[in-house]
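Me: I should like to learn how to read a protein model beside its DNA. Could you take me through it step by step?

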2 protein chains.
Amino acid sequence: MSNSSYPVNIATREKVLKAATELGYTPNSLARSLRSQRSKLIAAIVGDNADPYFAEIMRGVEDVASEHGYLTIVCNSDRQPAKELHYLRTLRDYRADGVLFAGGALNEPSHAQRLEEVVNEMKSRGAAIITLAQHTLGVPSIQTDNFGGARAMTTRLLELGHRRIAFVAGPSNLTVANVRLQGYMAALVEAGLSLDPHLILTGNFDREGGQRAAHDIAQIPVEHRPTAIFAANDQTAFGVMLGLGEMGWRVPDAISVCGFGDLPMAQIVFPQLTTVSIPLRQLGRTGTLRLLAALRNEEIPPLEVLPTTVVERSSTAPYREAL
Amino acid sequence: MSNSSYPVNIATREKVLKAATELGYTPNSLARSLRSQRSKLIAAIVGDNADPYFAEIMRGVEDVASEHGYLTIVCNSDRQPAKELHYLRTLRDYRADGVLFAGGALNEPSHAQRLEEVVNEMKSRGAAIITLAQHTLGVPSIQTDNFGGARAMTTRLLELGHRRIAFVAGPSNLTVANVRLQGYMAALVEAGLSLDPHLILTGNFDREGGQRAAHDIAQIPVEHRPTAIFAANDQTAFGVMLGLGEMGWRVPDAISVCGFGDLPMAQIVFPQLTTVSIPLRQLGRTGTLRLLAALRNEEIPPLEVLPTTVVERSSTAPYREAL
DNA sequence: CTGAAAGCGCTAACAG
DNA sequence: CTGTTAGCGCTTTCAG
């Protein structure tokens, strides 16, 4: 019944199969997993499955997993090291065959080490671990080109004539957020512009942060005020647009706004958001594909980078002297 | 180690516990599950985890599950009976302790029966099954008041002075969609208005459907044209607004638009969407709470209805004779 | 209170 | 090709 290559008379096989259907027999996967040391369970550790960013990745993971007969477990860490660690341990105890870390590394003393301990334990038992973002764990990683995307977007704004471009950063303890900031800075430096620290605002990858940033920007004296705002992610960009709207500023006439991520709603907001598109579902798919390959003991690359693309919509416009 | 009530000398206990930590021993959950006939695994069968509707529910499920030491498995059915059934069988084989059907029943001949067979098998083994929408399965169900919400919203539009109110329906094979349509019709009938079949448009719970409906509505001669459009879900409403925008119609000045669901992006679109708010996460939480209660052999109500509320934002306005 | 043993349902290995 | 058996790592039961 396990359709192995074990030789068995065709008549006998049919007889067994028939009896199985008649009795409604189906193998107990738990017993099978226990015996075979393969649970056919994989897990995605995400920050929050209700966050469209993670939801898309998870969808990619689940798709590939189910295509290959694996079940997918969701783990919401809420970016709390304790939760993440607890999940990983539970997964280890369930003998999960693989774990995908969808978010970046969580910055907390000794968390990385504790995580690594469990990871090594799992690896030594034959499990495969993959990260889908820059991470401290020394495991294969599939990543999206956050740096390149941020640089490309900033360069595009420069091409549009903008010179004072604000950046609303993400949580400083998130690597992804920092890398995007780096990309923004790189583009400015490459263009021979100096970095104005007043134009780098703190955000939190959420709408509120963007809203606050918008109001902060309004406080900047007009001669130093940015003509474009680049938000580290789409949620923040939505917040920025909302905040701007609250003060009666029109986007993109008064100021250009762009984000990073290309969430589905980027096309629904008004004006439609210019943003950097990340192949999120593909990230989940590729990650899972690699994970399954690793499970088959295939060699997989330590790092794969998926390209991001600038998608210009209506929230950005060329710089014009007078408003 | 299983912290049971089994009497054991405190000294011995400590010795064992100490040895366990030293050796890095942790119980194998698979073996434990096999032996105890409880996997501590529950599953949420959703249409698509990347759909914010399901994502929110799942989040509620996962929260409660993890609080109680359960792992959550995601299953995307894409509303395909075959997929749903396949998942359910797999879950049965994994001895999942519980399954939550997040979406409504899938309309296909004999699907209901096949599903029920597996459900009964699982129930007889002690598993708990719950639905989070109207369903053909005879299992406890937690639902949101779709009928009441649709009726309340329609009534509100009537209060605002609208008399010709269009309804963009959802997929006719989805119970939720039909119930909302019923609520809309009930409100009109209660108000003593006759139903105009031309004002009931077909949609598909997606943006495209809404967009199409918007264009269709524009074709209606002005004297019969609706002054408000009630979309069966938010995605459709976004599509309607988009379609209206394409034709240069202003919402809510030219026409009022409202949706159903209160997705996060309802607050981000412009104008912000008036909609019926569903306690999605609560639905997931309550459902899981009941499921766990059932697992403890507690009596749980066959049907619980969670209230929905009309949230008025800026996409609706009182009816005005001249535009 | 402790130690030993049976068995959950499977797979892999071994004789026949 | 078929039938039997040992164990995967637990929990539960039963003697001591």
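The dialogue below treats the DNA surface, an annotated domain, a buried residue and the nonpolar cores.

Reply: Please bear in mind that this is a predicted model.

Me: Which residues come nearest to DNA strand C?

Reply: A useful start is to list the residues around the strand. There are 17 residues around DNA strand C, and A:Y25, A:N28, A:R32, A:R35 and B:T12 come nearest. On the DNA side, 64% of the strand C atoms that come within 4 Å of the protein belong to sugar and phosphate.

Me: What is the make-up of the surface near DNA strand C in nonpolar, polar and charged residues?

Reply: That surface comprises 8 nonpolar, 6 polar and 3 charged residues.

Me: Which parts of DNA strand C do the polar atoms of A:R35, B:R35 and B:N9 approach?

Reply: One separates base atoms from phosphate atoms, and side chain from backbone. The side chain of A:R35 places an N or O atom 2.7 Å from a base oxygen of strand C. In chain B, a polar side-chain atom of B:R35 is 3.1 Å from a base nitrogen of that strand. B:N9 instead uses a backbone N or O atom, which lies 2.8 Å from a phosphate oxygen of DNA strand C. Two elements give two or more residues to the surface near strand C: α2 (29-36) of chain A and α2 (29-36) of chain B. The largest share, 3 residues, comes from α2(A).

Me: Which annotation covers residues 1-36 of chain A?

Reply: An annotation is read from the record and then set against the model. The unreviewed UniProt entry labels residues 1-36 of chain A "domain: HTH lacI-type". In the model, this span is 61% helix and 0% strand, and its end C-alpha atoms lie 15 Å apart.

Me: Is B:T288 buried or exposed?

Reply: The relative accessible area decides this. B:T288 counts as buried because its relative accessible area is 0%, under the 20% cut-off. B:T288 belongs to helix α10 (residues 280-295) of chain B. Beyond its neighbours within four places in sequence, B:T288 is in contact with B:I42, B:G60, B:V61, B:V64, B:A65 and B:L100.

Me: How many residues has the largest nonpolar core, and which have the most contacts inside it?

Reply: In soluble globular proteins, nonpolar side chains tend to be buried together. Here the largest nonpolar core has 143 residues, and A:F230, A:F238, B:Y184, B:F230 and B:F238 have the most contacts inside it. Apart from neighbours within four places in sequence, A:F238 is in contact with residues including A:R207, A:L263, A:M265 and, from chain B, B:I268. A second, separate core has 46 residues, among them A:L71, A:I73, A:V139 and B:C75.

How values were computed
Residues numbered from 1 in each chain as written. Chains lettered and ligands numbered in written order. Predicted model: local features only at pLDDT ≥ 70, side-chain atom pairs only at ≥ 80, totals over all residues. Heavy atoms only, no water. Near = heavy atom within 4 Å. Polar contact = N/O pair within 3.5 Å; in protein donor to acceptor, adjacent residues only side chain to side chain. Helix = DSSP H or I, 4+ residues; strand = E, 2+ residues; numbered from the N terminus. Nonpolar A, V, L, I, M, F, W, Y, C, P; charged D, E, K, R; others polar. Buried < 20%, exposed > 50% of the residue type's maximum accessible area, 1.4 Å probe, protein only. Contact = heavy atoms within 4.5 Å. UniProt positions renumbered as here; feature names shortened; annotations may be inferred. Core = buried A, V, L, I, M, F, W, Y, C linked by side-chain atoms within 4.5 Å.
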